[in-house]
Amino acid sequence: MKQTDIEKKLKTAGQARMPELVIDDLLTKAEMETPIKKRPEHNVKRLIFAISMCLIFIVAISAVTSQTYYVEAETYLYIDVNPSFEIVVQRNGKVKEVVALNDDAAKAVSDYKFKNTTVEETCDIIFKYLYDNGYIDDNAEIYLSCAGKNNNRANNAFNKSKNTAAAFLNGKNLKANVNVCNGISKKNNNHISPAKQRLIDEIIAMDNNGYSEKELKQMSMKELKDILEKDCQKRKRQ
Amino acid sequence: MDLESLMKTLKDGDIQALAEIYKLTKNSVYASVFSILRSDNMVEDIMQETYIKVYKNINSYTPQGHPKAWICRIAKNIALDNCRKFNRTVPIENYENILKSPDSFRNDDKDTYNDIIDLAQKVLNDTELQIVLMFTVGDLSHSEIAKVLDKPHATVRWIYHSSIKKIRKYIIDNKVEL
């Protein structure tokens with residue numbers, strides 16, 4: 001017996017056994033039933049995927065936001081010796097960068113990476129550079145000033161810079177004069193320290209000073225101080 | 001009119017389409033039901049229940065090119081439910097266990113065979129019998145059987161051919177006259 005014969009015999013046997021349904025009876029019974037309305041399909045996988053993506057998005061956004069919040073530049077510390085430096089401090093108290101405010105300072109800044117160091121470490125590096133290169137001696141005038149958005153955090157960073165300056169000078173036994181510009185100023189965008197700005201404002205307030213603001217901004221702290229001293233002496237004579 | 005169009009017509013509310021669907025699928029439904037029950041008892045009732053259920057659930061049918069497989073799956077599930085009803089005292093893991101229970105509808109201890117289906121019941125196991133009957137009696141393709149039984153297409157083909165060889169060998173070895 002061949003395979004095809006077996007298949008044929010199976011088919012014939014099946015058809016012989018198969019009961020025939022009474023179609024009218026079937027239709028009558030079916031008519032008594034009502035087709036079930038299809039439920040709206042909720043694609044669970046899609047829903048889970050969408051929710052997970054939303055959660056990942058929220059977590060990513062909050063992570064980025066918190067990250068940018070803490071690393072946002074908030075406090076600006078200024079060291080004016082000529083060279084002059086602007087230390088940019090993040091909200092988390094770490095240094096973001098040190099900006100050179102003149103050419104001499106640019107040389108100092110180029111050799112170091114200040115990002116994420118503490119205010120004390122940065123100030124220490126700057127003072128060491130100034131001392132090693134002969135900018136600080138017993139007769140030096142150091143101006144420290146600060147600008148920032150948040151007074152508490154700015155004061156905190158400013159105090160650290162003042163303490164570091166005092167500790168450095170004591171360590172080297174130097175009698176340099178440290179001028180602290182009190183109060184927290186608002187940050188200006190012309191790369192001029194609050195201490196220098198204060199001197200410029202005083203000179204401009206003088207009668208017949210003969211200098212334009214642009215000229216004054218280009219002068220060093222020593223030159224500005226000299227102009228003010230000359231004016232003082234003039235007044236005394238008068 | 002092909003089966004897919006008839007399913008659509010039924011979905012649209014024309015109950016007369018059910019009669020046409022019955023004519024086109026009765027072989028497949030019979031093969032699906034019989035291969036599980038292994039007896040002609042209740043086959044008619046289950047077939048009728050199958051078509052009523054097809055009408056009842058027509059809205060959940062989505063055209064995917066295998067309407068016959070969908071109907072046979074319904075038939076298979078009803079047949080399995082019936083087996084469970086009559087074997088409630090037997091713990092049910094799957095229908096193969098049910099069919100192997102002493103109270104099942106099997107009659108594979110026969111020495112004489114009314115026809116080749118009787119012989120196939122004796123020689124083949126449950127899956128083999130299902131595949132052979134669905135293909136020969138039910139006119140289902142291997143891929144449709146694979147859909148109904150949730151088995152890979154290649155496995156279904158392989159089981160089918162080995163089952164036919166088994167029947168042939170049994171007939172030759174035992175010199176069975178049919």
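**View 1: A:Glu141 and its partner on the neighbouring strand.** In β5(A), A:Glu141 finds its bridge partner in A:Asn177. Zoom out a little and you see that β4 (residues 141-148) of chain A runs parallel to β5(A), the two being paired over four bridges. Keep in mind that this is a predicted model.

**View 2: The whole sheet of chain A.** Here are five strands in an open sheet, lined up as β3-β2-β1-β4-β5 (chain A), with mixed pairing. At the edges sit β3 (95-100) and β5 (177-180) of chain A, each of which pairs on one side only. Ignoring direction, neighbouring strands of this sheet are turned by 20° against each other on average.

**View 3: Two helices and the sheet.** Helix α5 (residues 119-132) of chain A packs on the sheet and touches β1 (73-80), β2 (84-90), β3 and β4 of chain A. The direction of α5 makes about 170° with that of β2(A). Helix α7 (residues 194-205) of chain A lies across β1 and β4 of chain A, at about 105° to β4(A).

**View 4: Where chain B meets chain A.** On the chain B side, 43 residues are in contact with 29 residues of chain A. Together the chains bury about 3400 Å², 67% of it on carbon and sulfur atoms. Three residues to look for are B:Tyr22, B:Gln48 and B:Lys56: they supply 17% of the area that chain B buries against chain A, more than any other three residues.

**View 5: A salt bridge between the chains.** A:Arg17 forms a salt bridge with B:Asp115, and their closest N and O atoms are 2.9 Å apart. Across this interface there are six salt bridges, and eleven residue pairs are in polar contact. By class, the side of chain B that touches chain A has 24 nonpolar, ten polar and nine charged residues.

Methods:
Residues are numbered from 1 along each chain as its sequence is written. Chains are lettered from A and ligands numbered from 1 in the order in which they are written. This is a predicted model: local features need pLDDT of at least 70, side-chain atom pairs count only at pLDDT 80 or more; totals for chains, interfaces and linings use all residues. Side-chain values use heavy atoms; hydrogens and water are left out. Contact means heavy atoms within 4.5 Å. Buried area is the accessible area (1.4 Å probe) that two parts lose on being put together, summed over both. A salt bridge is a side-chain nitrogen of Lys or Arg within 4 Å of a carboxyl oxygen of Asp or Glu. A polar contact is a pair of N or O atoms within 3.5 Å; within protein, one must be able to donate a hydrogen and the other to accept it, and residues adjacent in sequence count only if both atoms are side-chain atoms. Ala, Val, Leu, Ile, Met, Phe, Trp, Tyr, Cys and Pro count as nonpolar, Asp, Glu, Lys and Arg as charged, and the others, Gly among them, as polar. Two strands pair if DSSP finds at least two bridges between them. Axes are lines fitted to C-alpha atoms, for helices over the stretch in contact, and angles run from 0 to 180 degrees between N-to-C directions.
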